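The following exercises concern contacts and charge pairs in a multi-chain protein model. Please examine the sequence and the structure before working through the solutions.

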Amino acid sequence: MYVYDQLDRQLVNDRVEEFRDQVRRRISGELTEEQFRPLRLMNGLYLQLHAYMLRVAVPYGQLSAVQMRRLGRIARVYDKGYGHFTTRQNIQYNWPKLSEAPDILAELAEVEMHAIQTSGNCIRNTTSDPFAGAAADEIDDPRVWSEIIRQWSTLHPEFSFLPRKFKIAVTGAPNDRAAIKVHDIGIVIVRNAAGEIGFEMWAGGGQGRTPMIARLIRDFVAPKDLLSYLEAMMRVYNRFGRRDNKYKARIKILVHEIGAERYRDEVEAEWQDLRHGAMELPQAEIARIRAAFAPPAFATLPAVSEKHQAKLFEDRAYARWVKSNVRAHKVDGYAIAVISLKPVGGIPGDATAEQMEAVADFAERWSFSEVRVTHEQNLVLPHVRLDDLYDLWLALGAVELDTPNVGTVGDIIACPGLDYCSLANARSIPVSQRISERFADLDRLHDIGELTLNISGCINACGHHHVGNIGILGVDKKGEEFYQITLGGRADENAAIGKIVGPAFSTDQVTDAIETIVETYIQHREPGERFVETYERLGLAPFKEALYGAA
Amino acid sequence: MSLQAVTANRLGDGLVIYLTATGWSEQVADAATADTRDAAQALLDRALAQPGHAVGAELIEVEQGADGLRPVRYRELIRSLGPTVRADLGYQAA
Amino acid sequence: MALLKNGRLLEDRWVDADSLDGALRPGGVLVPLELWKAERLTLRGKSAVGVVLPNTADPAELAGDYERLAAVALQFPAFADGRAFSQARVIREKHGFKGEIRARGPLIPDQYLYLLRCGFDAVELPEGTDIEVWLRNARRYTTFYQPAADDRVVAWRRRHATPEAAAS
């Protein structure tokens with residue numbers, strides 16, 4: 001993984017000192033709150049319902065064991081013993097003090113981490129595939145390009161006061177595990193006819209109030225042109241993005257209002273001025289960063305592990321965990337292990353300091369010290385020997401991280417909601433807890449199969465409910481929490497926005513409603529058909545009827 | 001008009017505070033109240049005059065409950081107590 | 001108003017004029033874009049003239065005039081409205097403008113490095129402003145990840161010593 005050089009270290013250290021000075025000036029009154037707010041946001045520090053919230057960047061979801069261990073320490077020393085992994089692969093702490101925030105950032109800087117630009121109207125954390133470097137369908141490692149984009153976008157002097165936040169995602173595989181089509185800019189690594197690597201550039205995707213799928217702007221950009229093309233895309237947005245209305249300020253509104261063709265024309269015109277200039281990415285730098293992501297020293301192993309096979313046979317619980325939580329690795333004898341942070345009845349995405357430290361230990365022991373964070377709020381050990389998988393599973397069990405529900409209706413993605421977030425209209429966590437408990441039976445869970453369920457506590461859609469196979473949006477109806485259900489969303493390469501199934505459900509009704517939807521699927525499905533496929537075949541009608549009765 | 005109080009977040013640690021007759025408290029039960037527009041504005045002005053202590057001061061509706069003053073809006077109730085899903089966190093834990 | 005330029009807070013000798021007569025007085029005069037467009041031929045003959053661009057204007061509107069202009073004023077209606085950062089870069093990098101680009105609006109010192117990197121060389125500030133905070137912010141960083149309108153050396157050039165980087 002990428003290791004900081006002196007230039008990188010200097011930047012994060014300078015940033016810590018800058019923020020320390022800004023906090024001092026706020027506390028002394030030199031800076032008003034209005035002036036200070038964008039500065040603290042650009043260091044990921046929000047003011048939420050109960051306290052400040054610090055969002056720490058986990059670039060493209062990649063962590064070393066040392067970094068994960070530090071995140072655990074920060075939870076323990078500066079917070080209340082836990083952290084929350086988010087739908088953008090970051091981690092959030094819910095109880096930091098403003099006065100201690102510079103110290104937290106200093107501790108992060110020691111392990112090559114930061115909270116730079118995790119909020120504010122600037123370019124946010126560039127997210128990517130949590131299976132990068134391990135998945136067999138990868139055309140090129142998206143982390144190389146994500147790291148290049150991370151550096152280019154950091155403290156960018158032209159793009160730090162945009163109309164609104166800006167989110168970029170990169171996928172290196174045709175199976176999109178980074179949801180690029182619902183990002184402001186989405187990048188797909190492809191090969192052209194000559195076999196050369198390049199990028200499809202998509203723009204204008206997003207969720208929130210007006211969910212939209214991104215539009216293809218250019219079907220091939222060569223690596224050396226990546227940054228100049230991104231600059232052109234950003235400059236057109238900075239110039240023309242709306243500034244009059246916060247809810248119409250994202251690039252998706254611009255692309256929608258002027259049309260993808262006109263947006264493309266503006267970008268291409270701008271790019272002609274930029275493409276052969278200083279923005280051309282030097283080969284030496286690409287090579288340097290690529291070298292940082294060289295594969296670890298994989299052992300030469302047989303494709304089949306006798307030990308693993310034997311345990312699958314002997315231990316049904318283990319077999320169930322492997323079925324849901326383990327994915328094929330491109331190297332023989334290895335596997336990708338997904339750690340579910342969705343215990344039955346638990347808080348999705350939360351992990352205690354002890355659990356974080358345990359995962360760090362497991363990574364060191366069994367995964368070349370690498371951990372990943374997924375945008376479904378789970379963790380990944382990307383390179384585990386099949387021979388070691390059973391021991392890992394036992395170890396996960398000892399720290400309650402062995403829930404075998406990844407990719408199922410129990411693997412609920414939920415924003416913090418009204419329990420924590422000052423933007424929320426309704427709570428999301430209790431809803432997820434009750435649904436999780438309703439589907440606690442593992443046999444039933446596994447019979448239902450692949451199903452994504454996302455819950456957002458408000459229209460900002462941080463729970464990504466628009467792209468859940470089942471989406472739940474919390475709303476406030478006359479002071480009471482109600483829940484609107486959507487069906488058919490998808491976050492993958494066939495991205496789709498879910499459709500509202502009907503009138504919203506009360507807190508008491510929503511768990512039954514979800515069960516009704518799942519049962520309807522079970523009744524109608526054809527052999528091997530996943531939930532979303534049954535929905536795509538049959539549409540809303542059978543679900544509407546089951547929920548609300550015949551029309 | 002309905003009974004109003006002023007709430008904010010404390011600058012240094014971000015915790016929820018309520019304006020009282022003499023200063024600030026973490027307990028909504030201690031909040032100073034106003035039932036006229038002018039009185040409410042006066043409370044808010046007092047809070048806004050302390051940007052070195054309180055951030056995001058605003059008026060909220062409160063009512064007298066069985067255990068004393070409490071917020072009316074559910075969101076504010078959660079702010080006064082803590083996350084509903086973690087009884088061990090926030091003021092409710094005390 | 002005063003002017004932060006070259007590390008000092010100077011008296012700002014430029015004035016704004018919104019009529020042709022006002023514009024033709026001696027000394028530095030800044031005119032609105034619309035006046036420049038209406039009276040371009042006359043104004044081009046004046047030395048020490050500059051244009052105030054709305055932050056919605058395309059810098060291309062002054063294409064061909066940049067050699068005649070001594071200054072351009074770009075606007076920040078609010079410090080969070082960053083359109084002028086793009087304008088400044090285009091004016092410097094595409095149009096090769098060599099004169100003064102000044103920033104006008106309620107900017108905060110923490111933006112100063114961004115302003116300099118985008119090609120601004122002056123900021124209009126209230127008289128008596130303590131510029132130490134501004135200067136401190138401009139000096140703070142030494143790692144720059146992206147080329148801009150300035151000549152600060154980008155990280156990738158420092159990493160891969162090239163003849164140009166070695167000479168910087």
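## Exercise 1: A charge pair in chain C

C:Asp150 is buried, with a relative accessible area of 16%; buried means under 20% relative accessible area, exposed over 50%, and partly exposed in between (1.4 Å probe, protein chains only). The model is predicted, so local features need pLDDT of at least 70 and side-chain atom pairs count only at pLDDT 80 or more, while totals for chains, interfaces and linings use all residues. Residues are numbered from 1 along each chain as its sequence is written, chains are lettered from A and ligands numbered from 1 in the order in which they are written, and side-chain values use heavy atoms, with hydrogens and water left out.

Task: identify the residue with which C:Asp150 forms a salt bridge.

Solution.
1. The criterion is a side-chain nitrogen of Lys or Arg within 4 Å of a carboxyl oxygen of Asp or Glu.
2. C:Arg152 satisfies it, as its closest N and O atoms with C:Asp150 are 2.8 Å apart.
3. C:Arg152 counts as partly exposed, at 27% relative accessibility.

## Exercise 2: Salt bridges elsewhere

Task: state how many salt bridges a search of the whole structure finds, and locate the partners of the pair A:Arg530 and A:Glu450.

Solution.
1. Over all chains, the search gives 84 salt bridges.
2. A:Arg530 and A:Glu450 form one, with the closest N and O atoms 3.3 Å apart.
3. This pair links distant parts of the chain, 80 residues apart. A:Arg530 lies in the loop between α16 (507-524) and α17 (531-538) of chain A, and A:Glu450 in the loop between α15 (442-448) and β17 (453-456) of chain A. Helices (H or I, at least four residues) and strands (E, at least two) are DSSP runs, numbered from the N terminus.
4. A:Arg530 is partly exposed at 27%, and A:Glu450 is partly exposed at 48%.
5. In chain B, B:Glu63 and B:Arg70 form a salt bridge at 3.4 Å between the closest N and O atoms; B:Glu63 has a relative accessible area of 33% and B:Arg70 one of 35%.
6. A network of salt bridges links A:Asp21, A:Arg24, A:Arg25, A:Glu30, C:Asp110, C:Arg136 and C:Arg140.

## Exercise 3: The interface of chains B and A

Task: describe the area buried between chain B and chain A, and which elements of chain B supply at least two residues to the side that touches chain A.

Solution.
1. Contact (heavy atoms within 4.5 Å) takes 22 residues from chain B and 26 residues from chain A.
2. The buried area, which is the accessible area (1.4 Å probe) that two parts lose on being put together, summed over both, is about 2,000 Å², with carbon and sulfur atoms giving 62%.
3. B:Leu11, B:Arg75 and B:Val85 supply 27% of the area that chain B buries against chain A, more than any other three residues.
4. The rule finds zero salt bridges across this interface.
5. On the side of chain B that touches chain A, β1 (4-10) and α2 (74-81) of chain B each supply at least two residues; α2(B) gives the most, with four residues.

## Exercise 4: Cysteines of chain A

Task: explain why A:Cys415 is not bonded to A:Cys462.

Solution.
1. A disulfide is a pair of cysteine sulfur atoms within 2.5 Å.
2. The closest cysteine sulfur to that of A:Cys415 is in A:Cys462, 6.3 Å away, which is too far for a bond.
3. A:Cys462 is in no disulfide, its nearest cysteine sulfur, that of A:Cys458, being 6.1 Å away.
4. A:Cys415 is buried at 10%, whereas A:Cys462 is partly exposed at 42%.
5. Over all chains, the count comes to zero disulfides.
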